[in-house]
Amino acid sequence: MADHVLTLKHFFEEARAGRLTGIRCGKCGELAIPPKEFCPTCQERNWAPVPLGGAGSITSFTVIRVAPRGRGAEAPYAVAVVRLDEGVSLLGRIVDIPFDSLRADLPVRFRPIVTGEQTAIGFGPA
């Protein structure tokens, strides 16, 4: 087992600092993000943190016009699945890109969204 386990708490602390971190399985080499308990490929728990560049492209997106309870003031907003250059995908909110410019394959870059004590994953123009 790796000496340092990347937890979800640590993942978001790193994201808050502007660093996107994945995990790589020490047995099979699988890369994952966000952190998971067990490797989906080999079922081992032998992860090591891996810094990621934060660049990628949109694979799919949607515009949220009716937000969940407590988030109504934030609508409308867009969320997208972004495939990072390292080959893993991550869901995040789109910032600073007009809705009519969104499309699959649009290059984007990781941007942390910090609101008070909370940190969310965001992506903006590359």
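Is E74 buried, exposed or partly exposed? E74 counts as partly exposed, at 30% relative accessibility. The legends below describe close-up views of a predicted model.

**View 1. A salt-bridge network joins R71, E74 and R93.** The side chains of E74 and R71 meet in a salt bridge, with 3.0 Å between N and O. Through salt bridges that share partners, R71, E74 and R93 belong to one network. R71 is partly exposed, with a relative accessible area of 33%. E74 is partly exposed as well, at 30%. The three residues of the network return in the next view.

**View 2. The largest pocket is lined by 13 residues.** Its volume is about 300 Å³. R71, E74, R93, I113 and A120 are the lining residues that lie nearest the centre of the pocket. Strands β5 (77-84), β6 (89-94), β7 (107-115) and β8 (118-125) each supply at least two residues of the lining. The strand that gives the most is β8, with 4 residues. Sorted by class, the lining holds 6 nonpolar, 4 polar and 3 charged residues.

**View 3. An open sheet is built from 3 strands with antiparallel pairing.** The order of the strands is β2-β1-β3. Strands β2 (31-32) and β3 (47-52) are the edges of this sheet, and each pairs on one side only. In general, the strands of a sheet pair through backbone hydrogen bonds, and the sense can be parallel or antiparallel. Between β1 (residues 20-25) and β3, the antiparallel pairing runs over 6 bridges. One pair of bridge partners is C25 and W47, with W47 in β3.

**View 4. C28 and C39 do not form a disulfide.** The closest cysteine sulfur to that of C28 belongs to C39 and is 3.5 Å away, too far for a bond. Seen from the other side, the closest cysteine sulfur to that of C39 is in C28, again at 3.5 Å. A disulfide requires two cysteine sulfur atoms within 2.5 Å, and by this rule the structure has 0 disulfides. The surroundings of C28 and C39 can be described by their accessibility. C28 is partly exposed, with a relative accessible area of 37%, whereas C39 is buried, at 0%.

**View 5. R19 and E14 meet in a salt bridge.** The distance between their side chains is 2.8 Å, from N to O. R19 is partly exposed, with a relative accessible area of 44%. Its partner E14 is buried, at 16%. The pair therefore joins a partly exposed residue, R19, to a buried one, E14. Side chains of opposite charge can pair when their charged atoms come close.

**View 6. E37 and R45 form a salt bridge.** The closest N and O atoms of this pair are 3.0 Å apart. E37 has a relative accessible area of 43% and is partly exposed. R45 is partly exposed too, with a relative accessible area of 36%. A search of the whole structure finds 7 salt bridges, among them those of E37 with R45, R19 with E14 and E74 with R71.

Notes
Residues are numbered from 1 along each chain as its sequence is written. This is a predicted model: local features need pLDDT of at least 70, side-chain atom pairs count only at pLDDT 80 or more; totals for chains, interfaces and linings use all residues. Side-chain values use heavy atoms; hydrogens and water are left out. Two strands pair if DSSP finds at least two bridges between them. Buried means under 20% relative accessible area, exposed over 50%, partly exposed in between (1.4 Å probe, protein chains only). On a 1 Å grid over the protein atoms alone, a cavity is a set of points where a 1.4 Å probe fits but cannot get out, and a pocket is an open set with protein on both sides within 12 Å along at least five of seven lines; lining residues have an atom within 4 Å of a point. Grid points are joined across faces, edges and corners, and a volume is the space filled by probe spheres set on the points. Ala, Val, Leu, Ile, Met, Phe, Trp, Tyr, Cys and Pro count as nonpolar, Asp, Glu, Lys and Arg as charged, and the others, Gly among them, as polar. A salt bridge is a side-chain nitrogen of Lys or Arg within 4 Å of a carboxyl oxygen of Asp or Glu.
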